[in-house]
Structure formats: structure tokens, C-alpha cells
Amino acid sequence: MITDKIRVIEAKGHTKGNSIVIVEDTDHHYMLHGDVTYSDEALYENKLSCFYENVEASRETLDRVRAFIRKSRSTSPTHTPRGMRIWRTSGW
């Protein structure tokens, strides 16, 4: 934990040391999951990143990211135009 509102957690599978940052803002969370998946479409379609060191660990991490997004009010932008629109309209 960096502060009581910012957490860094391990995101196993993509590359060694890959991490996820979660920022809490009142009743909303911003999840910066880096290269756990490569696009919003892939995230929603449950597709792994195009590169990973460990497929089982990557799958587990992606499943955890998708579960977090489903259960919490969150914004989780990726590298695509859709992800950037989400980021810009989030108020950040």
C-alpha cells in the first residue's frame, strides 16, 4: 500500500514484476492494470495479453481483474481509443 487510497498489487503472469495500481476516490476505483490485457475489448472478451511468461498465472490475474471490475464501481482504461475515452471522461 502506498497510501490509504493507493494500492499496488502483484499481477502475475505477463512479465516478472508486472503490477496493478488501484486508486480509491470516494465510491469509485481506478484500476491501472497495465498489460494484463491489451485492450478494453480483450478485457471484456476475457482474452489474455498477447505476451505472457506464464499462461496459468496470467489467466488467474485476468480473472481477478474482471471480478474486481464486476463487483466495484471502477474505471479501468487500457491502451486503446476506447480506454482513453473512458479515462478522459472519468474526471481525472
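## Val36 and its surroundings

Leaving aside residues up to four places away in sequence, Val36 is in contact (heavy atoms within 4.5 Å) with Ala11, Asn18, Ile20, Leu48, Ser49, Thr61, Leu62 and Val65. This is a predicted model, in which local features need pLDDT of at least 70 and side-chain atom pairs count only at pLDDT 80 or more, while totals for chains, interfaces and linings use all residues. Residues are numbered from 1 along each chain as its sequence is written, and side-chain values use heavy atoms, with hydrogens and water left out.

Val36 counts as buried because its relative accessibility is 6%, where buried means under 20% relative accessible area with a 1.4 Å probe and protein chains only. The C-alpha atoms of Val36 and Val65 are separated by 8.4 Å, although these residues lie 29 residues apart along the chain.

## The nonpolar core

The largest nonpolar core (buried Ala, Val, Leu, Ile, Met, Phe, Trp, Tyr and Cys residues joined through side-chain atoms within 4.5 Å) has 10 residues, including Val36, Val65, Ala11 and Leu48. Strand 2 (19-25) and helix 2 (55-71) are the elements that give two or more residues to this core, and helix 2 gives the most, with 3 residues; here helices (H or I, at least four residues) and strands (E, at least two) are DSSP runs, numbered from the N terminus.

In soluble globular proteins, nonpolar side chains tend to be buried together.

## The lining of the largest cavity

Val36 also lines the largest cavity, as do Ala11, Asn18, Leu48, Ser49 and Thr61, among others.

Technical notes
1 Å grid on protein atoms, 1.4 Å probe; cavity = no way out; pocket = protein on both sides within 12 Å on 5 of 7 lines; lining within 4 Å. Buried < 20%, exposed > 50% of the residue type's maximum accessible area, 1.4 Å probe, protein only.
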